[in-house]
Amino acid sequence: MSEKDREQEFDRQIQSLLEEEPAGKKKKGRFRRLSKKKKIILGCGVAVIAAFLGLKLFGGNKEVIPMAATAPLEKGNIENILSVSGPVSGTDSVDVVSNIHAEIKSIEVKEGDKVTEGELLAEIDDSDLLKELEIARNSYDLAVATRDENLRDARNGYAKALQDYEAARANYNRQSVLAQAGGISAVELEAAANALEDAKRAVNGYTLENGQVTADKSYELQIKNAQYNLDKAMENLEAAKIKAPISGTVVRVNSKVGQFADKPEENEPIFIIENLDTLELEIKISEYSIGKVKVGQRAEITADILGNDSVQGEVLSISPTGEEKGGGSTERVIPTIIRVLDEDTSLIAGITAKAAIVLEEAKNTWVVPISALRTEMDGTLSLVAVENGICRMIPVTTGVESDISVEIFPAEGAVLTEGMSYIITPDPMLTEGSKVTELPSAGRAASMTEESSAAVEGSEDESASGTQEESAETAEGDAAGSDALTSAPAAE
């Protein structure tokens, strides 16, 4: 039988019950043969019709009481969260490069290897570097030898100049005595004086330091230049052995044996080494939110690689200057570093992670939805409580606020109690003393629904059992009646 046929049959049965029976005849067993479930439905239908007629006849002028969803006031924890994202990196990162134009002879590490500071990473062909070192050393030796030779000549020349000066002075002194006695002419005395001046100039032509003759400054400059070239050649030879500048993990190897060290693939560094023992999250915080962020605030870090897990971190540093956000925006952002505190996690460098920075938090405090607070005409806030169906306006102040909830405190003279009912989204038309009909919140409704469902399931089980029993009884009665009708003519 289709659903429509069953409905029509049900309507006919109800109609037959409401019709007046013909005189002298009684339809025994008609209502009895109805199942218990149909009896319940019929009774409910009659009750609904009666209630509807009663409201129509007698309830037209009664006060209409609005309904409001309520929840019990409870204490809990609340956090004000700022969500940001950025790349994960190690605390130290070094690009290993080389300026030596020579082929890489060997590579001693691979990506993922952990190295210590000074450990050999690769070797470069040093045959040309050895030749350059030899040339630089010879140039240096030559510069020193030239300087030393000049110094010897200077010292010998200075000694002779001193001897010549002493002789010229002694000669001048004698010529002066003779000139006074009239033994020589004035011309001879002048010649002796000129010889003394020449000897003096020769002595002054030498450079002295601490009373010692030194070589010409140009020779010292030549030695310094040769020394620089020698040091550079030695550094290049040492640099032919590429070593780790820090301890960490080799995260990239961008070259291979046979390539020139100063020209790796795509101009990338030969190696990238990072200290992955401690990771950091590099984020950029809007200028509108940076005022709430402080060094030391904790953060919960999530990433796809972590699955449903998370790791803990804290704000390590905040840049003292901002920078452009980019993308044509006039907004400025401030670079900020969050350090990952947990160790031995599956978080890795080079990926993007999200961080929820806890700007403010409060524990074991009164917490309600933001929608539960009503702004009064004077700007104050109220929580609309319901007691025995009557509204009470409780003035409150707020504390920590999240996206959907807020911490509240009773204003001076007000009292908040555990479990008191409050309206989740109060109607602006409600006033002190307004009557409302409470509707349970989603959580309470779900709990009541579960209890009701359990009760209904028990009733349906009993109803089903009773229906089966009644059906059996009805079937037996119908069979008996049928037997009686069948045997009646035989009795006659």
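**Asn364: does this residue count as buried or exposed?** In this predicted model, Asn364 counts as exposed because its relative accessibility is 56% (buried is under 20% relative accessible area, exposed is over 50% and partly exposed lies in between, with a 1.4 Å probe and protein chains only). The residue sits in strand β17, which runs over residues 352-369. Asn364 is not a glycine, yet its phi is positive, at about 50°. Helices (H or I, at least four residues) and strands (E, at least two) are DSSP runs numbered from the N terminus.

*How to read these views.* Residue numbers start from 1 along each chain as its sequence is written, and side-chain values use heavy atoms, with hydrogens and water left out. As the model is predicted, local features need pLDDT of at least 70 and side-chain atom pairs count only at pLDDT 80 or more, while totals for chains, interfaces and linings use all residues.

**The whole chain, for orientation.** Let us step back before moving in again. The chain holds 6 helices and 23 strands. Of its 492 residues, 30% are buried. How much of the chain's contacts with a separation of 6 or more comes from residues 24 or more positions apart? Such pairs account for 73% of them (a contact means heavy atoms within 4.5 Å).

**Asn388: a positive phi in a loop.** Look for Asn388 in the loop between β19 (381-387) and β20 (390-401). Its phi is near 55°, a positive value in a residue other than glycine. Asn388 counts as exposed because its relative accessibility is 75%.

**Helix α3 and the glycine after it.** This view follows α3, residues 127-181, from end to end. The 55 residues of α3 should span 81 Å at 1.5 Å a residue, and the 82 Å between the end C-alpha atoms agrees with that (the expected span is 1.5 Å times one less than the number of residues in the helix). What comes just after α3? There you will find Gly182, with a positive phi of about 80°.

**Helix α5: its span and its buried residues.** Helix α5 covers residues 217-239. Its 23 residues should span 33 Å at 1.5 Å a residue, and its end C-alpha atoms are indeed 33 Å apart. Which residues of α5 are buried? Ile223, Ala226, Leu230 and Ala233 are. The buried residues of α5 pack against α3.

**Asp198 on helix α4.** Helix α4 spans residues 186-204, and Asp198 is one of its residues. Asp198 is partly exposed, because its relative accessible area is 43%. Now find Ala168 as well: the two residues are 30 apart along the chain, and 8.8 Å separates their C-alpha atoms.

**The largest pocket and its lining.** A probe helps to picture this view. Rolling a probe the size of a water molecule over the atoms shows where empty space is left. A pocket is an open set of points on a 1 Å grid over the protein atoms alone, where a 1.4 Å probe fits, with protein on both sides within 12 Å along at least five of seven lines; lining residues have an atom within 4 Å of a point. Here, 24 residues form the lining, and Leu276, Leu279, Leu347, Ile348 and Ala349 lie nearest the centre. The elements that give two or more residues to this lining are β3 (93-96), β10 (248-253) and β11 (271-274). Which element gives the largest share of the lining? That is β10, with 4 residues.

**The second largest pocket, where α5 returns.** This pocket is lined by 16 residues. Nearest its centre are Val97, Ser98, Asn99, Ile100 and Ala239. At least two lining residues come from each of β3, α5 and β9, the last of these being residues 241-243. Helix α5 contributes the largest share, 4 residues.

**Ser310 and the residues it touches.** Where is Ser310 found? It is in the loop between β13 (298-302) and β14 (311-318). Ser310 is partly exposed, because its relative accessible area is 29%. Leaving aside residues up to four places away in sequence, Ser310 touches Glu300, Ile301, Thr302 and Asp342. Ser346 is another residue to find in this view: it is 36 residues from Ser310 in sequence and 9.9 Å from it in space, C-alpha to C-alpha.
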